[in-house]
Amino acid sequence: MTGSSPAPTAAARRRKPARTFLPLAVAAWLILEIWLLGLVADAAGGLAVAALVAGGMVLGAVVVKRAGRRAFRNLADTFQQAQASPEAQAAQPSAGRRPGSGNALTMLAGLLFMLPGLVSDAAALLLLLPPVRAWAGRRTARSLERRMNAAQAGTFADAFQQARIRHPDGKVVPGEVVRDDAPQEPGPGHRPPLTP
């Protein structure tokens, strides 16, 4: 029996439902988009479909550009606050970030606008509504938190969980301070540096 591979284990044979249904969902979405564009083309003509697709792309570019500018402005403000003196930082109240208050879902809405189709445009319009964006942000944050907590040792998610810095009040970073105040005695294997 040379060249035969071992029989796959039960865990290897079992596929996650997302891996099974994701390709089917993408295929169904594409078919629905094409069918809806065909209905609009039959009712209003090909020029209307072209105008809808072009308008969606332009609107998506505007949304992504605005979200990108806002993200860059937030990053610049964060750097300025980090470089400010401790007295100035204490004077400024630190606003806690809520799920859905960032720009990721806004950028996702812009990308959905750029995709040709009516279903993606409807989803993008929903994501631009603040209550829907906040709800989606909370759901995403909870899902990611659950996955990070359930991560097995040695996986990428476990490494991300360990490297993640929690900011309970916005400024606390756990760490250890090593002071170099007192001269240290050289150890038994210490050699002085060579000088020319």
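Here are some notes on this predicted model, going from the overall make-up to a few helices and two buried residues.

1. Let's start with the big picture. The protein has 8 helices and 0 strands, so if you walk along from the N terminus, the elements read α-α-α-α-α-α-α-α. Buried residues make up 14% of the 196 residues. Among contacts with a separation of 6 or more, 58% join residues that sit 24 or more positions apart.

2. Next, how α2 and α3 meet. Helix α2 covers residues 17-44 and helix α3 covers residues 46-83; they pack at an angle of about 130 degrees, and their axes are 7 Å apart. An angle between 115 and 145 degrees counts as oblique, and α2 and α3 are therefore oblique to each other. On the α2 side the contact is made by L37, V40, A41 and A44, which meet G46, A48, V49 and L52 of α3. Sorted by class, that contact has 7 nonpolar residues, 1 polar and no charged ones.

3. Helix α2 also meets α6. Here the two axes come within 8 Å and cross at roughly 105 degrees, which makes α2 roughly perpendicular to α6. From α2 you'll find W29, L32, E33, L36, L37 and V40, and they meet L118, V119 and S120 in α6. This contact divides into 7 nonpolar residues, 1 polar and 1 charged. Note that L37 and V40 turn up in the contact with α3 and in the contact with α6 as well.

4. Now α6 itself, residues 118-128. Its buried residues are S120, D121, A124 and L127. They cover an arc of only 120 degrees around the axis, so they are on the same side of α6. As a reminder, an α-helix has 3.6 residues a turn, so residues three or four places apart point the same way. The cover over the buried residues of α6 includes α2, α5 and α7.

5. Helix α7 is worth a quick check on its length. With 20 residues (130-149) at 1.5 Å a residue, α7 should span 28 Å, and its end C-alpha atoms are indeed 28 Å apart, which agrees. The buried residues of α7 are R133, A136, G137 and M148. Looking down the axis, you see them fall within an arc of 105 degrees, so they line one face of the helix. Turned away from that buried side is a face with the exposed residues P131, R146 and N149.

6. Is F113 in helix α5 buried or exposed? F113 has a relative accessible area of 4%, and since under 20% counts as buried, F113 is buried. Leaving aside residues up to four places away in sequence, F113 touches G56, M57, L59, G60, V63, D121, A124, L125 and L128. Two of these, D121 and A124, are among the buried residues of α6. The C-alpha atoms of F113 and A123 are separated by 8.4 Å, with the two residues 10 apart along the chain.

7. Last, T106, which is found in helix α5 (residues 104-114). T106 is buried too, with a relative accessible area of 6%. Which residues does T106 touch, not counting those up to four places away in sequence? They are V63, A67, R70, L128 and R133. One of these, R133, is a buried residue of α7. V63 and L128 are touched by T106, and F113 touches them as well.

Definitions and conventions
Residues numbered from 1 in each chain as written. Predicted model: local features only at pLDDT ≥ 70, side-chain atom pairs only at ≥ 80, totals over all residues. Heavy atoms only, no water. Helix = DSSP H or I, 4+ residues; strand = E, 2+ residues; numbered from the N terminus. Expected span 1.5 Å × (residues − 1). Buried < 20%, exposed > 50% of the residue type's maximum accessible area, 1.4 Å probe, protein only. Arc of directions from axis to C-beta. Contact = heavy atoms within 4.5 Å. Axes fitted to C-alpha atoms, helices over the stretch in contact; angles between N-to-C directions. Parallel < 35°, antiparallel > 145°, perpendicular 65-115°, else oblique. Nonpolar A, V, L, I, M, F, W, Y, C, P; charged D, E, K, R; others polar.
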